[in-house]
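Me: I'm new to this structure and would love a close look at one part of it. Could you start from a single side chain and then show me what surrounds it?

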Amino acid sequence: ALMPTISAFFGIVIRMYDDHGPPHFHAHYGEHAAVIEIEALRVMQGGLPRRALSLVLEWGSEHRADLLADWMLAETHEPLRPIEPLE
């Protein structure tokens with residue numbers, strides 16, 4: 001499936017696509033990748049270096065509502081909205 005990029009900051013790329021399971025997003029940093037559950041902000045699979053993970057979790061907590069809105073769009077195959085990067 002095509003995985004649209006919805007945000008990028010500090011070398012981290014955030015992607016989301018229509019997928020199974022609880023609402024989640026994919027965070028990529030170099031050769032590392034993690035799947036992060038939106039509600040609990042926990043790593044469902046994979047992993048990132050600690051600094052990158054803390055940035056992703058901070059960003060996720062700031063944008064939880066935006067992430068859930070994009071998840072609803074993904075489920076109905078609508079274009080996803082970009083989300084502001086972490087400053």
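Reply: Let's begin with one contact: the side chain of Ser-7 reaches the backbone oxygen of Ile-83 at 2.8 Å. Please keep in mind that this is a predicted model.

Ser-7 is found in strand E1. Is Ser-7 buried or exposed? With a relative accessibility of 5%, Ser-7 counts as buried, because the cut-off for buried is under 20%. Leaving out residues up to four places away in sequence, Ser-7 touches Ile-12, Val-13, Ile-14, Trp-59, Ile-83, Glu-84 and Pro-85. Two of these names, Ile-14 and Trp-59, will lead us onward.

Here is the wider setting. In soluble globular proteins, nonpolar side chains tend to be buried together. The largest nonpolar core in this model has 24 residues, and those touching the most other members are Ile-14, Met-16, Phe-25, Val-56, Trp-59 and Leu-67. At least two residues of this core come from each of strands E1 (5-9), E2 (12-15), E3 (24-29) and E4 (32-37), and likewise from each of helices H1 (50-62) and H2 (64-75). H1 gives the largest share, five residues.

Phe-25 makes a good place to stop inside this core. Apart from residues up to four places away in sequence, Phe-25 touches Ile-14, Arg-15, Met-16, Ala-34, Val-35, Ile-36, Ile-38, Leu-41, Val-56, Trp-59 and Leu-67. One of these partners, Leu-41, lies in the loop between E4 and strand E5 (42-47). Leu-41 is buried, with a relative accessible area of 14%. Leu-41 also has a positive phi of about 50°, although it is not a glycine. A second residue of this kind is Phe-10, in the loop between E1 and E2. The phi of Phe-10 is near 50°, again a positive value in a residue other than glycine.

Now for the strands. E2 and E3 run antiparallel and are joined by four bridges. Val-13, which we met as a contact of Ser-7, has His-28 in E3 as its bridge partner. E3 and E4 are also antiparallel, with six bridges between them. Tyr-29 is paired through a bridge with His-32 in E4. E3 and E4 form a hairpin with two residues between them, and Gly-30 in that turn has a positive phi of about 55°.

Next, follow Trp-59 to helix H1. The 13 residues of H1 should span 18 Å at 1.5 Å a residue, and the end C-alpha atoms are indeed 18 Å apart. Which residues of H1 are buried? They are Ala-52, Leu-53, Leu-55, Val-56, Trp-59 and Gly-60. Seen down the helix axis, these buried residues fall within an arc of 160°, so they line one face of H1. On the other side of H1, Arg-50 and Arg-51 are exposed. The buried residues of H1 pack against E1, E2, E3, E4, E5 and H2.

H2 can be read in a similar way. Its twelve residues should span 16 Å at 1.5 Å a residue, and the end C-alpha atoms are 17 Å apart, which agrees. The buried residues of H2 are Leu-67, Asp-70, Trp-71, Leu-73 and Ala-74. Because they cover an arc of only 160° around the axis, they sit on the same side of H2. The face turned away from that buried side carries the exposed residues Ala-65 and Met-72. The buried residues of H2 pack against E1, E3 and H1.

Trp-71 deserves a look of its own. This residue of helix H2 is buried, with a relative accessible area of 4%. Not counting neighbours within four places in sequence, Trp-71 is in contact with Met-16, Tyr-17, Asp-19, His-20, Gly-21, Pro-22, Pro-23, His-24 and Ile-38. Trp-71 and Glu-58 are 13 residues apart in sequence and 19 Å apart in space, C-alpha to C-alpha. Just after H2, His-77 takes a positive phi of about 60°.

To return to where we began, find Ser-7 in strand E1. From there, its contact with Trp-59 takes you to one of the buried residues of H1, and the packing of H1 takes you on to H2.

How values were computed. Residues numbered from 1 in each chain as written. Predicted model: local features only at pLDDT ≥ 70, side-chain atom pairs only at ≥ 80, totals over all residues. Heavy atoms only, no water. Core = buried A, V, L, I, M, F, W, Y, C linked by side-chain atoms within 4.5 Å. Buried < 20%, exposed > 50% of the residue type's maximum accessible area, 1.4 Å probe, protein only. Contact = heavy atoms within 4.5 Å. Polar contact = N/O pair within 3.5 Å; in protein donor to acceptor, adjacent residues only side chain to side chain. Expected span 1.5 Å × (residues − 1). Arc of directions from axis to C-beta. Pairing = 2+ DSSP bridges.
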